[in-house]
Amino acid sequence: MKNLALSVVLFVGAALQAAAQNIIAENPTQMADALRNFGYRAELLKDDGGDPKISSSTGGANFSIFFYGCTNGQNCDAISFSAAFDLDTGSTLELMNTWNQKKRYTKAYLDDEIDPIIEMDVFLGSGGVSIDNFRIWVDTWERALGDFKQHIDF
């Protein structure tokens, strides 16, 4: 019986330690640090509503990570990668629709000046995701952003 109790304690301890290392939307500083460790610039800011926001860039394109599901700027449970492109002649709805029909994890649309915006939402919940899983999301975003730049001829 002692061995069973010890096994349960060790298992719970290991599970708690693993969860503590997860990337969570409740900790924007941890997320910014993870991005820096991946080699990205990561400036922690606040959006217009007072929620956290990370400003970064990759491949010559600026992007932001917005935090959602927050209560008074804290306890967030989701993020959204977002990049906007200011094009001289704007873009077209057809080009955005083509992107949306062919891509799985991102969505694209036009702003009020017909400039393209691309976004990728990631729900992290209260447990977050492992650092390896977060890295996969960042890599997915970087590939999508590069593909999108080609798609809109940026």
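## A walk through the fold

Start at G39: this glycine follows α2, and its phi is positive, near 100°. Keep in mind as you click around that this is a predicted model.

**Stop 1: helix α2.** Step back from G39 and select residues 28–37, which make up helix α2. Which of its residues are buried? Colour P28, Q30, M31, A32, A34 and L35, and you have the buried set. As a reminder, an α-helix has 3.6 residues a turn, so residues three or four places apart point the same way.

**Stop 2: the sheet.** Now show the strands. You get an open sheet of six, in the order β1-β2-β3-β4-β6-β5, with antiparallel pairing. Look for the edges: β1 (43–46) and β5 (107–110) each have a single partner strand, so one side of each has no neighbour in the sheet. Tilt the view and you'll see the twist, with neighbouring strands turned by 30° against each other on average, direction ignored. Bring α2 back in: this helix packs on the sheet, where it touches β1, β2 (52–58), β3 (61–68) and β4 (78–84). Its direction makes about 10° with that of β2.

**Stop 3: along the strands, from β1.** Select β1 and β2 together; four bridges pair them in the antiparallel sense. For a register mark, pick L44, whose bridge partner in β2 is I54. The two strands form a hairpin with five residues between them, and there G50 takes a positive phi near 90°. β2 itself is mostly covered, with six of its seven residues buried.

Carry on to β3, which runs antiparallel to β2 and is joined to it by six bridges. Here T58 has A61 in β3 as its bridge partner. This hairpin has two residues between its strands, and G59 in the turn shows a positive phi of about 55°.

Then jump to the other edge. β5 and β6 (residues 116–123) run antiparallel and share four bridges; click Y109 and you'll find I117 of β6 standing opposite.

**Stop 4: a buried cysteine.** Go to C76, in the loop between β3 and β4. Is C76 buried or exposed? Its relative accessibility is 1%, so C76 counts as buried. Show what surrounds it: leaving aside neighbours within four places in sequence, C76 is in contact with A25, E26, P52, F67, Y68, G69 and C70. Try a distance to F123 as well: the C-alpha atoms are 9.8 Å apart, although the two residues are 47 apart in sequence.

**Stop 5: the aromatics.** Aromatic pairs come to nine in this model. Begin with Y40 and F63, an edge-to-face pair at 6.5 Å centre to centre, with 80° between the planes. This pair links distant parts of the chain, since Y40 is in the loop between α2 and β1 while F63 is in strand β3, 23 residues apart. Y40 is buried, with a relative accessible area of 9%, and F63 is buried too at 2% relative accessibility.

Stay on F63 and add F81. Their ring centres are 6.3 Å apart and their planes at 35°, so this pair is tilted. It too links distant parts of the chain: F63 is in β3, F81 in β4, and 18 residues separate them. F81 is buried, as is F63. Add W141 and you have the whole cluster: Y40, F63, F81 and W141.

**Stop 6: helix α4 and the core.** Select residues 131–151 for helix α4, which lies across β2, β3, β4, β5 and β6 and runs at about 165° to β6. Near the start of your selection, find R135: its charged end sits over the ring of F38, 4.5 Å from the ring centre.

Finish in the largest nonpolar core, a set of 35 residues. Which residues have the most contacts inside it? Those are I79 and F134. The elements that give two or more residues to this core are α2, β3, β4, α3 (93–102), β6 and α4, and α4 gives the most, with five. For a last look, centre on F134 and show its contacts: beyond residues up to four places away in sequence, F134 touches I23, M31, A34, L35, F38, I79 and V129. In soluble globular proteins, nonpolar side chains tend to be buried together.

Notes: Residues are numbered from 1 along each chain as its sequence is written. This is a predicted model: local features need pLDDT of at least 70, side-chain atom pairs count only at pLDDT 80 or more; totals for chains, interfaces and linings use all residues. Side-chain values use heavy atoms; hydrogens and water are left out. Buried means under 20% relative accessible area, exposed over 50%, partly exposed in between (1.4 Å probe, protein chains only). Two strands pair if DSSP finds at least two bridges between them. Axes are lines fitted to C-alpha atoms, for helices over the stretch in contact, and angles run from 0 to 180 degrees between N-to-C directions. Contact means heavy atoms within 4.5 Å. Rings of Phe, Tyr and Trp (its six-membered ring) pair if their centres lie within 6.5 Å; planes under 30 degrees apart count as stacked, over 60 as edge-to-face and the rest as tilted. A charge sits over a ring if NZ of Lys or CZ of Arg is within 6 Å of the ring centre and within 35 degrees of the ring normal. A nonpolar core is a set of buried Ala, Val, Leu, Ile, Met, Phe, Trp, Tyr and Cys residues joined through side-chain atoms within 4.5 Å.
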